[in-house]
Amino acid sequence: MTEESKKKMIIAIVHDHDAPELMDGLNASGFRVTKMASTGGFLREGNTTFLIGTDEEHLDKIMNIIDSTCKSRKKTIAPMSPVANSLESYYSFPMEVQIGGATIFILDVEKFIKI
Ligand code: 2BA
């Protein structure tokens with residue numbers, strides 16, 4: 001990241017299966033990235049969260065990389081007993097949910113410091 005330009009933090013939550021290809025795509029284009037193991041609150045399954053700090057002018061390129069590597073998926077989830085799960089996410093019939101491609105938050109970065 002450069003000193004003058006506006007900085008952004010992209011937080012992208014993606015499917016575990018798409019994470020290696022996304023990491024490769026970002027690295028190949030020279031972007032710095034941190035990958036974290038995360039868990040979705042609804043499915044209680046693993047997913048992967050990327051932190052990508054960048055200059056504002058690179059946003060489009062990064063969004064294109066995410067768009068081309070992260071695929072949308074459908075998943076049918078079986079009913080769960082309220083004992084096995086918390087009451088908020090209890091469901092008594094099979095349900096189909098659409099996951100991703102990616103859930104993305106773009107934040108303004110007030111300061112970027114490297115020591
Ligand atoms: P999960 O919370 O495990 O959600 C997986 C998928 O289940 C979601 O896909 C959505 O299609 C569905 N879903 C989630 N909550 C639901 C509900 N209350 N009722 C019915 N269906 C529900 P995505 O929306 O693509 O989200 C994928 C993952 O991205 C989420 O995994 C979560 O880890 C993250 N995420 C999504 N929205 C978020 C948000 N606003 N804040 C933080 N993380 C978020």
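Modeller: Buried means under 20% relative accessible area, exposed over 50%, and partly exposed in between (1.4 Å probe, protein chains only). The model is predicted, so local features need pLDDT of at least 70 and side-chain atom pairs pLDDT 80 or more, while totals for chains, interfaces and linings use all residues. Residues are numbered from 1 along each chain as its sequence is written, and side-chain values use heavy atoms, without hydrogens and water.

Biologist: Is Asp 108 buried or exposed?

Modeller: Its salt-bridge partner, Lys 8, has 11% relative accessibility and counts as buried. Asp 108 has 64%, so it counts as exposed.

Biologist: How many residues apart in sequence are the parts that Lys 8 and Asp 108 tie together?

Modeller: A salt bridge is a side-chain nitrogen of Lys or Arg within 4 Å of a carboxyl oxygen of Asp or Glu. Lys 8 and Asp 108 form one, with their closest N and O atoms 2.3 Å apart. Lys 8 lies in strand E1 and Asp 108 in strand E6 (strands are DSSP runs of at least two residues, numbered from the N terminus). The pair therefore ties together parts whose separation in sequence is 100 residues.

Biologist: Which residue forms a salt bridge with Arg 73?

Modeller: Arg 73 is partly exposed, at 22% relative accessible area. The partner is buried, at 2%. The N to O distance is 2.8 Å, and the partner is Asp 18.

Biologist: Where does Glu 45 lie?

Modeller: Glu 45 meets Lys 75 in a salt bridge of 2.9 Å, N to O. Lys 75 lies in strand E4, and Glu 45 lies in the loop between strands E2 and E3.

Notes: Helix = DSSP H or I, 4+ residues; strand = E, 2+ residues; numbered from the N terminus.
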